[in-house]
Amino acid sequence: MASPLPLYEKIYVKRRFQRVMDTLMLLLLLLLLTYRFFSLRDSFTVPWFLAFLCESWFTFTWIVILNCKWSPAYTITHLHRFLQHYQQQDELPAVDLFVATADPVLEPPIITANTVLSLLALDYPSNKLACYVSDDGCSPLTFYALVEASKFAKLWIPFCKKYNLQLRAPFRFFSTSDSNLISTEQDSLEFKQERSKMQDMYDNLSRKIEDVTAKAIPFPLDGEYASFLNTDRRNHPSIVKVILENEEGVRERLPHLIYVSREKRPQHPHEYKAGAMNVLTRVSGLMSNAPFMLNVDCDMVVNNSKVVQHAMCILMDPHKGKEIAYVQCFQQFYDGIKDDPFGNQWVSAFEYIIRGMAGLQGPFYAGTNTFHRRSAMYGLYPHEIETGRNKEKLAESVLIKQFGSSNEFVKSVASALEGNSYSPNDDRSPSNFIKEATKVSDCKYEHDTSWGSEMGWLYGSISEDVPTGINILKKGWRAESCTPEPTPFTGCAPGGLLSTIVQQKRWASGLTVVFFGKNSPLLGCLFGKLQFRAGLAYCWLTNWGLRSVYLVCYAALPPYCLITNTNFLPKGEGLMIPVAVFVIYYLYSLIEYVTIGVSLREWWNNQRMTIITTSTAWFIGFLSAMVKLLGISDTVFEITQKEHPSKTSGGNNNNDEEKEEDAGRFTFEDSAVFVTGTTILIVQVTALLIKFMGLQPPAAGDDESGNGAGELVCSMLLVLCFWPYLKGLFQRGKYGIPFSTLCKSALLSFAFVQFSRYTINAA
């Protein structure tokens, strides 16, 4: 019998020019380190020693990066083979859809409603889908938005499927003017009439949700909303509500839609997003128990209606599918500002580094746009897919100890681990499991279980996605990327500097905790089945915070040398080595950006923001992580604000004009992150003034001991990178740096200058 054809293929790409340039850069870095090492042996100075340490770290980082980049892989899914194999719709596997939201102010309910509508309208049998929304804000506003959206869905979903729409989030569909998204069928008079009616209905829905959101008490808390009476977002019981239910399991009807707000009490840690995802896993295990789960953030709308089929091509592949624990779709954005002034869109990183990781053991789990194998989340090992789990491990007493005290949920776990889709209970309607679902959503349910430590989403870091992914891969699983055309999901990019800084600080803090914790990629390589190169690639990710320490130290060397009239760069012919490193690196990165169609301005914005975010947000995130690891204080989870393009749904024109005016402009607040950046700028400017005004002390020895052009150019380049901060010194309002921030930065700068002068006198 002929072997079945594969449902997907992984194609590796050889980029010879990239390898040549990577190798050349590495050789130059090693040459620079060698030169410094022998110079330090002849004459030891503190600036040269610090430069040697920093450049050693930069060399290691470059090795890690080229390790990621040298195995780029493209995944091609064969959708026609998948559809031929599963001609009967009933044979398709079920998929549970998870949406997480936490704050109705920072994450407006209209955004969540659009995401849910796009998921409910997926081009997949409705009776195979169940959508679960986790509301960690316990907001009646979010519940109201979902209820109203479910009413609109009864007309929206048939409309999407009748005309085979690509964009199935209403605000995206009604705001697009791309003619490539319109087929011949959609150019008919009938379609235009129905589209107009749908747009009026959506505008009405959007207006109702936004009007209700603007009020303190939007409606009487009775009936369906009585559960929210006297609740606080940090102190409330579990609330589980079935909004839509496909009772007869008919594929032409709407999927299940379930609202979940887990119990929260002040005395119990809620473990941020990881805790919410584990609750959704348990609730869905009771109500639908699909073998696969998709989790998305509340702003990540479906951009390719066939994304589930593409992911199933990989997970259900007859040859390699059983080795794969999760399928990651890359994050892309629908509202990116031109030229990416804040470096949020990650175009180069996805194309070169993350695609390179896809060629190893798999891309890292990014926390959203990810299809998971439920059994892998339950702690199953790859070999147990074929051989089955040991019956002793499936004993009820063992499962209760691991998964909690709910007998119904334990039955569903045993069923999932054995490869069955549903709980043994004959009655599968979600509404019949509300009482049990409420129980598994209680904050005490996980006590003395394996949740968050050995299975599910792992606890201990506010970046729950990376340790969860590492925990899965170190068991021997693989992961794959899914990048069909068009892009599967598109989301909302942070719209300003503050949102960018908040997000980057949170990532750096969480990733630093991972690197120094029990889920470190180094430990995964030593004591697990995480492949060496995959573990090294994860070091690129988990070292963000630590990288900032070396960059801040390196950024302090030019002003220190200008103030003290010393040097950390070679002079004469030796200067050519760091100059060559600098020139080749920036030319190489420019070529990479131009190759993927990025403008020169966007390239420079990304280079500038790399310096700014690393030396500010990542540095503060690293310090926050160190405070947590030392047990002094816990990390605060900060939600990134999501901005809905309200002009597409009848929003306030004044607000729209204000957002357009702010687009791409740097705004500042009184935050420690901005203190760091302002201090770096003031120190550089002060050092340059000392140099140009001739206030430097005489060189300690001969002319070779004093600073030269290298230190001067480095300091000027840093001022250029922090140019938006320099403009902020002379502006007012939100575009100007706050006076309190200026005072703190001035004091720190004064301390740095005095310390530098003290070292001269001490020497």
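Helices here are DSSP runs of at least four residues, numbered from the N terminus. Keep that in mind as you work through these exercises on a predicted model.

**Exercise 1. Place Ile 611**

Task: Find which helix holds Ile 611, decide whether Ile 611 is buried or exposed, and list its contacts beyond the close sequence neighbours.

Solution:
- Step 1. Look up the helix: Ile 611 sits in α22, which covers residues 600-629.
- Step 2. Check the surface. Ile 611 has a relative accessible area of 17%, and buried means under 20%, so Ile 611 is buried.
- Step 3. Skip the neighbours within four places in sequence, and you find Ile 611 touching Leu 551, Leu 718, Cys 721 and Phe 722.
- Step 4. Take one of these partners, Phe 722: it is 111 residues away along the chain, yet the two C-alpha atoms are separated by 8.5 Å.

**Exercise 2. Hunt for disulfides**

Task: Work out how many disulfides the model has, using Cys 138 and Cys 553 as your test cases.

Solution:
- Step 1. Recall what you're after: a disulfide is a covalent bond between the sulfur atoms of two cysteines. The cut-off for the pair of sulfurs is 2.5 Å.
- Step 2. Try Cys 138. The closest cysteine sulfur belongs to Cys 443 and is 13 Å away, so that's too far for a bond. Cys 138 is buried, by the way, at 5% relative accessibility.
- Step 3. Try Cys 553. Its closest cysteine sulfur is in Cys 54, at 3.9 Å, which is also too far for a bond. Cys 553 is partly exposed, with 25% relative accessibility.
- Step 4. Write down the total for the model: zero disulfides.

**Exercise 3. Visit an annotated site**

Task: Which residues does the UniProt "binding site" annotation cover, and how do their side chains meet?

Solution:
- Step 1. Read the record: the unreviewed UniProt entry marks Lys 273 and Asp 297 as "binding site". They're spread over 25 residues of sequence, but they cluster in space, with a largest C-alpha distance of 10.2 Å.
- Step 2. Place each one. Lys 273 belongs to helix α8 (residues 272-287), while Asp 297 belongs to strand β7 (residues 292-297).
- Step 3. Compare their surfaces: Lys 273 is buried at 16%, and Asp 297 is partly exposed at 22%.
- Step 4. Look at the contacts outside the close sequence neighbours. Lys 273 touches Ala 100, Asn 295, Asp 297, Gly 367 and Glu 464. For Asp 297, the partners are Ala 100, Thr 115, Lys 273, Gly 367 and Thr 368.
- Step 5. Zoom in on the pair itself: a polar contact of 2.7 Å links the side chains of Asp 297 and Lys 273.

**Exercise 4. Describe aromatic pairs**

Task: Describe the geometry of the pair Tyr 35 and Trp 48, then do the same for Trp 540 and Trp 544.

Solution:
- Step 1. Pick your two numbers: a pair of aromatic rings is described by the distance of the centres and the angle of the planes.
- Step 2. The structure has 52 aromatic pairs. In one of them, Tyr 35 and Trp 48 are 6.4 Å apart centre to centre, with 35° between the planes, and the pair is tilted.
- Step 3. See what this pair connects. Tyr 35 is in helix α1 (residues 16-42) and Trp 48 is in helix α2 (residues 46-69), so the pair ties together parts that are 13 residues apart in sequence.
- Step 4. Move on to Trp 540 and Trp 544: their centres are 5.8 Å apart and their planes make an angle of 90°, which gives an edge-to-face pair. Both Trp 540 and Trp 544 are buried.

**Exercise 5. Spot unusual backbone**

Task: Where is the cis peptide bond between Glu 485 and Pro 486, and what is phi for Glu 271 and Asn 369?

Solution:
- Step 1. Start from the usual case: most residues other than glycine have a negative phi, and most peptide bonds are trans.
- Step 2. Glu 485 and Pro 486 are joined by a cis peptide bond, with omega about -5°. Pro 486 is in the loop between β11 (478-481) and β12 (489-490).
- Step 3. Glu 271 has a positive phi, near 60°, and lies in the loop between β6 (256-261) and α8.
- Step 4. Asn 369 also has a positive phi, about 60°. Asn 369 is in the loop between α10 (347-358) and β10 (370-373), and is buried at 0% relative accessibility.

Key: Residues numbered from 1 in each chain as written. Predicted model: local features only at pLDDT ≥ 70, side-chain atom pairs only at ≥ 80, totals over all residues. Heavy atoms only, no water. Helix = DSSP H or I, 4+ residues; strand = E, 2+ residues; numbered from the N terminus. Buried < 20%, exposed > 50% of the residue type's maximum accessible area, 1.4 Å probe, protein only. Contact = heavy atoms within 4.5 Å. UniProt positions renumbered as here; feature names shortened; annotations may be inferred. Polar contact = N/O pair within 3.5 Å; in protein donor to acceptor, adjacent residues only side chain to side chain. Phe/Tyr/Trp six-rings, centres within 6.5 Å; stacked < 30°, edge-to-face > 60°.
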